[in-house]
Amino acid sequence: MKRRTLIDSFKYAFNGMAHALSTQRNMKIHFASAIAVVFISLVLKLEADEFLWIFLAITLVLLSETFNSFFEEFLDFVNPQYSEKVKHMKDMAAGGVLTAAIFAITVAIIIFGKRFGVNLSLYASLVLFAYLFYIFMVSVFFKGGKSGKN
């Protein structure tokens with residue numbers, strides 16, 4: 001068996017991301033959003049620390065969507081029939097993506113609002129609070145959202 005080189009490792013990694021981008025609708029949405037946000041960040045000439053927050057938010061969303069897509073494909077591979085347990089696993093992975101996306105939205109609200117001379121920190125906090133409150137209410141009153149198919 002041929003030893004894998006560092007270049008091979010990068011090639012496999014890029015192939016994996018290209019596969020996710022070409023086959024996953026949500027990855028396309030996240031990727032397009034990331035490009036738009038980077039473009040806006042460059043136009044607004046964000047400071048280095050602001051851009052680092054934007055970069056962190058984008059990275060978290062793309063990373064979580066990549067893992068979510070992997071888990072969905074893996075779970076469908078090992079268990080092609082419907083399973084309530086598999087559904088919960090997929091829902092939890094999707095929840096991780098949603099959490100990363102909420103983080104990204106709050107970062108964007110704060111940084112871009114500041115750039116336009118508006119302090120939107122309160123609104124960003126309200127977005128985060130509404131998300132956390134909704135998750136709490138669903139888990140308490142609807143027993144974790146136990147409905148629907150995977």
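**Exercise 1. Helix H4 end to end**

Take helix H4, residues 84-115, in this predicted model: what span should its 32 residues have at 1.5 Å a residue, and how far apart are its end C-alpha atoms?

*Solution.* Start with the expected span, which is 1.5 Å times one less than the number of residues. For the 32 residues of H4 that gives 46 Å. Now check the model: the C-alpha atoms at the two ends of H4 are 46 Å apart, so the two values agree.

**Exercise 2. What sits at the ends of H4**

Find which residue caps the N-terminal end of H4, and then look at the phi of glycine 117, just after the helix.

*Solution.* Begin at the N-terminal end, where serine 83 does the capping. One of its side-chain oxygens lies 3.3 Å from the backbone nitrogen of lysine 85. Then go to the other side: just after H4, glycine 117 takes a positive phi, about 75 degrees.

**Exercise 3. Two bridges to H4**

Work out which parts of the chain are linked by the pair glutamate 47 and arginine 115, then do likewise for aspartate 76 and lysine 90.

*Solution.* First pair: the side chains of glutamate 47 and arginine 115 form a salt bridge, 3.8 Å from N to O. Glutamate 47 sits in the loop between helix H2 (25-43) and helix H3 (48-78), while arginine 115 belongs to H4, so this pair joins distant parts of the chain, 68 residues apart. Both partners come out partly exposed, glutamate 47 at 48% relative accessible area and arginine 115 at 29%.

Second pair: aspartate 76 and lysine 90 meet at 2.5 Å, N to O. Here helix H3 supplies the aspartate and helix H4 the lysine, 14 residues apart. Aspartate 76 is partly exposed at 38%, whereas lysine 90, at 11%, is buried.

To finish, follow the shared partners: salt bridges join Glu47, Glu50, Lys114 and Arg115 into one network.

**Exercise 4. Buried or exposed?**

Classify both partners of the salt bridge between aspartate 8 and lysine 2, and say how many salt bridges the model has.

*Solution.* Check the distance first: the closest N and O atoms of aspartate 8 and lysine 2 are 3.9 Å apart, and the cut-off is 4 Å, so the pair counts. Next comes accessibility. Aspartate 8 has a relative accessible area of 12%, and buried means under 20%, so the aspartate is buried. Lysine 2 reaches 67%; the limit for exposed is over 50%, so the lysine is exposed. As for the count, the model has six salt bridges.

Methods: Residues are numbered from 1 along each chain as its sequence is written. This is a predicted model: local features need pLDDT of at least 70, side-chain atom pairs count only at pLDDT 80 or more; totals for chains, interfaces and linings use all residues. Side-chain values use heavy atoms; hydrogens and water are left out. Helices (H or I, at least four residues) and strands (E, at least two) are DSSP runs, numbered from the N terminus. A polar contact is a pair of N or O atoms within 3.5 Å; within protein, one must be able to donate a hydrogen and the other to accept it, and residues adjacent in sequence count only if both atoms are side-chain atoms. Buried means under 20% relative accessible area, exposed over 50%, partly exposed in between (1.4 Å probe, protein chains only).
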